[in-house]
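Dear colleague,

I am handing over the structure we spoke about, with the sequence alongside. Please have a look at it before you read my notes underneath.

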Amino acid sequence: MAASSDRIPPPFPDTEEPGVCDMADGDRDEGEDIFVICSNPVAVSRGVSQPDNVNEQPPDLFREDEEEEASSATAKYNGVHSDDDSDLFAEAQVEPSTDKVGSSARKELSTSSGPPPSSSVTQSPAAMQPSSSLQQLEEEEDEDIFDVDVAVTNPEKIGDGMTAYVAYKVSTRTSLAMFRSKAFSVRRRYSDFLGLYEKLSVKQSLQGCIIPPPPEKSVVGMTKVKVGMDDPSSVEFVERRRAALERYLQRVVSHPSLLQDPDVRDFLERDELPRAVSTQALSGAGFLKMINKASDAVNKMTIKMNESDTWFEDKFQEVENEEQQLRKLQVVVDSLVSHRKELCGSTAVFAKSMAMLGNSEDNTALSRALSQLAEVEDKMEQLHQEQAASDFFIFAELLADYIRLLGAMRGCFDQRVRAWQRWQEAQSTLQKKREVEAKLLWANKPEKLQQAKDEITEWESRVTQYERDFDRIGMTVRKEVLRFEKEKAKDFKGQIVKYLDAMLQSQQRLVKFWEAFLPEAKAIA
Amino acid sequence: MMEEVKEVTSTLSVHGHNIKVTEVLKDGDTLTFLIVSQKLSGTGEHHVDRTYDDFEWLQQLLFSQEDEPGIQGVIFPSLPAKASANPSAKVMKQLGFLGLGEWQLYCKVLERYLRQVAAHSILSKNKAVEIFLTSSEPPGRQRARKNLFNRLSQAVEERRKEGYKRFLDVVQSEQKIAVACAHFSASLHLCVEPGEDPDKQAFSKACVQLSEVFDSIKKNMTSVAENDMNTLGLGLDLESRCQEAEKEMLFRRTCKLVELEAARRNAEKAKPLKKAAMEEAKKTAEIEFNDICVVAKQEVHRFRAARVKMLQHTLVQWCEKQLLTAKESADQFNQQLQAFRGIAP
């Protein structure tokens with residue numbers, strides 16, 4: 001056992017971080033492959049622990065060992081083994097007692113200030129200190145390639161009138177064995193996406209995962225689309241939503257634990273999904289609001305969590321601050337976008353007035369000059385239009401996404417607090433049961449005594465379990481936060497590069513315009 | 001100290017084509033302009049300072065050259081509206097482009113006015129011009145009689161051309177974008193997070209770099225707006241002024257024609273007692289009208305040519321400046337992109 005836990009899995013042969021995953025917008029591709037090959041380095045799904053192993057051993061003493069075992073055994077593969085395992089896994093997932101998520105990551109990182117590694121005999125070098133095991137975590141995340149690409153394309157309006165909706169094509173390409181084929185696509189509507197989110201939230205939020213939220217419902221936007229899909233604002237709305245849904249799905253599949261969820265697979269694979277009716281009343285944002293309200297209520301409860309690890313407190317504060325800052329940035333970007341659009345508009349109007357002037361001018365030279373001026377301005381308007389779109393899609397949406405994600409992250413922290421409270425409550429219940437037992441002993445009522453003993457046993461195991469849950473959530477949250485920060489840095493960088501590229505290209509086009517116009521201007525007189 | 005300037009015998013002692021309005025000084029509410037002109041003899045320069053009122057004095061005197069035959073056929077260079085150090089919103093609106101920035105465009109328009117006056121074969125001969133450009137004393141402030149010419153200046157501002165207004169909108173949008181970019185750039189600095197964590201550092205670095213990118217974008221936009229203003233904006237301003245000036249001249253000519261028609265009828269209908277006098281009047285009117293037509297024809301011809309040339313020059317300048325700015329920005333973005341990519345993934 002010791003030997004096996006000493007092993008650190010060798011890096012995969014072709015593991016490199018190629019950088020930004022670039023999902024081209026489906027609509028713009030014109031026949032090109034909608035996927036751009038890339039890989040999202042993501043943590044190995046350590047999920048398929050051998051639940052049998054776990055349950056055999058008594059929880060306390062060999063906790064470290066079982067984790068090492070699980071980690072070294074499972075760290076070798078990429079994704080899910082096979083369908084059998086995944087089914088096993090699927091069942092295991094529903095039970096909160098399974099050490100599914102973060103099992104291998106729990107290398108002394110939990111908040112329990114347990115005894116120093118007395119069982120150091122069996123401890124692998126990887127579990128030495130929190131910092132190095134965190135590092136280990138990061139290294140492992142870097143090393144593994146993860147191969148699922150999704151794209152959301154082809155928005156199509158189905159039906160007419162107020163019952164109309166927009167269906168999107170969701171295409172998946174993967175080499176993972178857990179899917180039925182390598183490439184497939186289905187049609188989904190917005191409420192399906194929302195339904196997926198809700199299912200995931202219910203299941204995963206207990207574990208402390210950050211569930212990426214989908215774009216919000218918009219009654220105004222959708223009504224316009226239902227009425228007619230032709231005007232530019234509807235087109236923009238649909239495009240915005242399509243892009244947001246794509247990013248949503250990409251985030252879901254790039255999350256190792258979420259990808260394992262059968263609901264996610266169903267969403268990607270199944271031809272027909274049952275209509276998610278509950279989403280009609282509850283929008284994504286509404287759900288989030290619910291979580292937030294609940295978490296506020298939790299916070300206001302009299303019991304303040306006894307935080308033995310300041311990491312969580314600090315992080316929570318950071319998250320709140322960051323959310324504020326991003327909101328400020330969002331305001332600025334919105335004003336930038338609106339000014340760009342304004343510039344578009346005024347350029348177009350100017351171009352028209354110059355064209356008119358050119359037409360009404362009798363002097364041919366002047367007339368030509370003015371007409372050419374009108375043309376140049378027309379081209380500029382195009383350019384401005386694209387720049388505005390670029391500003392918008394690249395930055396405004398990025399900021400909006402991250403604000404939503406930070407909200408989800410706060411939800412995670414709250415889940416942890418709730419887990420702690422559950423544990424505390426169980427402890428106090430256990431205490432009460434013990435008091436009852438003591439009283440019964442005193443009063444000498446043997447019949448009831450057995451029942452009391454049974455209850456104590458039951459609650460003892462509950463306490464243990466809740467404590468484990470709490471620790472585990474703590475671990476998951478830590479891991480999630482790490483992962484989030486990594487993704488965030490990468491995401492932002494990627495978007496910035498994209499933006500710079502777009503700016504560079506439009507400047508180069510501008511240079512070409514001016515170079516073409518110069519000889520024409522000189523030739524006027 | 002004003003001399004009578006009814007004689008039109010003098011010629012200008014300075015070069016007309018390189019008159020410069022080099023500076024504008026604020027003195028309370030008044031703006032004073034420094035005008036530099038080169039002596040024809042090559043022995044140096046004249047430096048004078050003038051206020052807007054001095055310009056108006058000059059304009060009035062130019063208008064009132066009644067002895068000059070066909071003076072009414074002249075297309076007069078037009079003055080912009082009066083600007084003060086702290087202009088009201090109404091004045092700013094009147095000024096349009098000229099009000100944006102620190103009066104550089106305004107100075108340019110005044111400069112062009114002086115150059116046009118100095119280059120005009122008839123107008124440059126007026127002694128007032130010489131006094132205006134060379135006298136160290138400020139010229140007198142007396143107002144000439146109100147006449148037909150006074151309608152000229154203010155009317156231009158009110159009847160702004162569509163194209164001009166639209167371009168003003170464009171330039172103002174560009175300026176707003178520049179401001180928004182600066183704002184974004186500053187806000188990004190607030191997102192910089194301290195900490196050892198490599199991801200945090202990566203993110204902070206990205207924010208700083210993005211901030212620099214938006215700084216460049218701001219600079220680019222500012223240049224673009226400036227180029228727009230200084231070339232095409234100015235050009236459109238002058239163009240609209242020119243069109244009005246031509247219209248004014250044609251209007252005067254038409255008025256003269258109406259007068260002539262009236263004189264002709266009077267002469268026909270006149271009773272024998274008044275006949276000679278009416279005939280005299282008719283002849284005078286005819287001569288005046290013909291003079292005007294002669295001058296007008298020349299003026300229109302010269303004017304049209306000048307307009308085309310000016311517009312062409314404007315467009316070429318605009319194009320060249322924007323091309324330069326675009327190239328510089330492209331280089332800048334390229335550099336920043338390389339730097340960005342160069343940093344670890």
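What follows is a short account of chain B, of its interface with chain A, and of some salt bridges.

Please keep in mind throughout that this is a predicted model. Chain B contains eight helices and three strands, and its order from the N terminus is β-β-β-α-α-α-α-α-α-α-α, with the strands ahead of the helices. Of the 345 residues in chain B, 52% are buried, and among its contacts with a separation of 6 or more, 75% are between residues 24 or more positions apart. The exposed surface of chain B comes to about 16,700 Å², of which carbon and sulfur atoms supply 54%.

Turning to the interface, 57 residues of chain B are in contact with 56 residues of chain A, and the two chains bury about 5,300 Å² between them, with 77% of that area on carbon and sulfur atoms. Seven residue pairs in polar contact are found across this interface. On the side of chain B that touches chain A, α6 (162-189), α7 (198-269) and α8 (272-342) each supply at least two residues, and α8(B) gives the largest share, 22 residues. By type, the residues on that side of chain B are 33 nonpolar, twelve polar and twelve charged.

Six salt bridges cross the interface of chain B and chain A, whereas the structure holds 42 over all chains. In one pair, A:Glu318 and B:Lys200 meet at 2.8 Å, N to O; because A:Glu318 lies in helix α12 (residues 310-360) of chain A and B:Lys200 in helix α7 of chain B, this salt bridge joins two chains. A:Glu318 is partly exposed, at a relative accessible area of 32%, while B:Lys200 is buried at 6%. A salt bridge also forms between A:Lys522 and B:Glu320, whose closest N and O atoms are 3.9 Å apart.

Within chain A, the side chains of A:Asp469 and A:Arg472 form a salt bridge at 2.8 Å, N to O. These two residues are about one helical turn apart, because they are separated by three residues in helix α14 of chain A. A:Asp469 is buried, with a relative accessible area of 8%, and A:Arg472 is likewise counted as buried, at 5%. Finally, a network of salt bridges links A:Glu216, A:Arg240, A:Arg247, A:Arg251, A:Glu397, A:Asp401, A:Arg404 and A:Asp491.

With best wishes

How values were computed
Residues numbered from 1 in each chain as written. Chains lettered and ligands numbered in written order. Predicted model: local features only at pLDDT ≥ 70, side-chain atom pairs only at ≥ 80, totals over all residues. Heavy atoms only, no water. Helix = DSSP H or I, 4+ residues; strand = E, 2+ residues; numbered from the N terminus. Buried < 20%, exposed > 50% of the residue type's maximum accessible area, 1.4 Å probe, protein only. Contact = heavy atoms within 4.5 Å. Areas by Shrake-Rupley, 256 points an atom, 1.4 Å probe, with all protein chains shown as cover. Buried area = accessible area lost by both parts, 1.4 Å probe. Salt bridge = Lys/Arg side-chain N within 4 Å of Asp/Glu carboxyl O. Polar contact = N/O pair within 3.5 Å; in protein donor to acceptor, adjacent residues only side chain to side chain. Nonpolar A, V, L, I, M, F, W, Y, C, P; charged D, E, K, R; others polar.
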